[in-house]
Amino acid sequence: MRVLCALAFLIFTSAYMYFYQADVMMATQHLLSGGKTHYEPTVGAILITVALFLLHLGVLAVTKITGRAHAITYFPSLLALAMLTGLRVPGSGGAAFSFSPSVPVGIVLFVLWIPVAVLYSNINRWERTAKSRLNPLQVLWTNLLLMVVMFLFVGFTSNHDEAFHYRMKAEAALLRHDYDAALAVGQNSLVADSNLTLLRIHALASKRQMGDHLFEYPLAGGSSVMLPKGQSVRPVFYPAYQFVSYPALDFQLCRCLLDKNLDGFARILKANAATYGLGEKTDSVGKPLPKHYQEALVLYNRLRVTPLVSYHAQVLDADYEDFHKIYRAEKDPRVRDAKLRDLYRNTYWYYYFFAKP
């Protein structure tokens, strides 16, 4: 029983730290050290697991609980794990951060645990003195069930904010200059916040792919999050000074698209028509018009009677017709959103009609 409990604790703690909370721990160590030290996931997971297991051995040496409630000797270690991985950053790296459960709550839980431990320590001592025979199978399952309950406690009280985890994983990838990995984080999820959007824009700008892929990701915050902004929009541990200087034209065009300002987008594009071969001459040559700019122009030409920039593409026109048919046919907003999300979530059209401010 003791061996199985120990194995369960070691496997859970090391896997939890390495696979799920490593990026949160990077943020925790960065904030607590003022950016002077860096968390390494493999070493960190091993050291924390060993330290918490040694804490358990110390509790076991004091309480000597080896019977039906042996698992509660792991509670101080798992409480420490929950508090260690409970970092909350409300807005950004510059905002105040806190831990959940908070230190006072953790102290209260530990104080409540003490009489329970004393009670079972006495019961355990009496059973050894009386040579009471316990059902081994019952003892095993009781302890394993207690371990599972405490594991769930750690999971519920630690940081399980999906957007925050995505932000930390993206920042860790950006530190390695692995822009593809940063963009892959949460790509298939609907979760986004302003800080995660900032990181995605930075990664795409570094790859010079904003016009082709920006609206393939969940976005939030509009153009106000294209650059770090004070204490409200900024990374936690990725250096803000490393943010790229965006290509001027792409920055202006994407800023208009993020704000759903199609008229401003058309004016800028008209002023730079030669760049993309959109001049009045049919033989004007320029670089290929990025995908999202094409989608925005198709939409703009449908919404304006006298567009500043006339643009038609047979395939995109047909795709927009299908998009618009579904949009008009479905009266239930939830059904309409679900259908269009499945078919067109990677287009600017879906962002324009469904993205919240």
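Mentor: Before we start, one definition: Lys and Arg count as positive and Asp and Glu as negative, while His and the chain ends are left out. Also keep in mind that this is a predicted model.

Trainee: Okay, charges then. How far apart are the mean positions of the positive and negative charges?

Mentor: They are 11 Å apart, taken over 35 positive and 25 negative charges in the protein chain.

Trainee: Got it. What does the secondary structure come to?

Mentor: The protein chain has 16 helices and two strands.

Trainee: And is the chain spread out or compact?

Mentor: Spread out: its radius of gyration is 28 Å, and the globule rule gives 21 Å for 357 residues, so the chain is more spread out than a compact globule. Along the principal axes, the C-alpha atoms fill a box of roughly 100 × 50 × 30 Å.

Trainee: What share of the residues is buried?

Mentor: Buried residues make up 45% of the 357. As for the accessible surface, it comes to about 18200 Å², and 62% of that belongs to carbon and sulfur atoms.

Trainee: New topic: how many disulfides does the structure hold?

Mentor: Zero. Take cysteine 256: the nearest cysteine sulfur belongs to cysteine 254 and sits 9.4 Å away. A disulfide needs two cysteine sulfur atoms within 2.5 Å, so that pair doesn't count as one.

Trainee: Is cysteine 256 buried or exposed?

Mentor: Buried, with a relative accessible area of 9%. Cysteine 5 is buried too, at 0%.

Trainee: Let's try tyrosine 344. Where is it?

Mentor: Tyrosine 344 is in helix H15, which covers residues 333-344. Its relative accessible area is 10%, and buried means under 20%, so tyrosine 344 is buried.

Trainee: Which residues is tyrosine 344 in contact with, leaving aside neighbours within four places in sequence?

Mentor: Asp319, Asp322, Phe323, Ile326, Trp349 and Tyr350. Phenylalanine 323 is 21 residues away along the chain, yet the C-alpha atoms of the two are separated by 7.6 Å.

Trainee: Last one, glutamine 187. Which helices is its loop between?

Mentor: Helix H8 (179-184) and helix H9 (194-206). Glutamine 187 is partly exposed, with a relative accessible area of 27%.

Trainee: What does glutamine 187 touch, not counting residues up to four places away?

Mentor: Arg200, Tyr217, Pro218 and Arg345. With tyrosine 217, the gap is 30 residues in sequence but 5.8 Å in space, C-alpha to C-alpha.

Trainee: What part of the chain's contacts joins residues 24 or more positions apart?

Mentor: Such pairs account for 69% of the contacts with a separation of 6 or more.

Definitions and conventions:
Residues numbered from 1 in each chain as written. Predicted model: local features only at pLDDT ≥ 70, side-chain atom pairs only at ≥ 80, totals over all residues. Heavy atoms only, no water. Helix = DSSP H or I, 4+ residues; strand = E, 2+ residues; numbered from the N terminus. Rg over C-alpha atoms; globule rule 2.2 N^0.38 Å. Buried < 20%, exposed > 50% of the residue type's maximum accessible area, 1.4 Å probe, protein only. Contact = heavy atoms within 4.5 Å. Areas by Shrake-Rupley, 256 points an atom, 1.4 Å probe, with all protein chains shown as cover. Charge placed at Lys NZ, Arg CZ, Asp CG, Glu CD.
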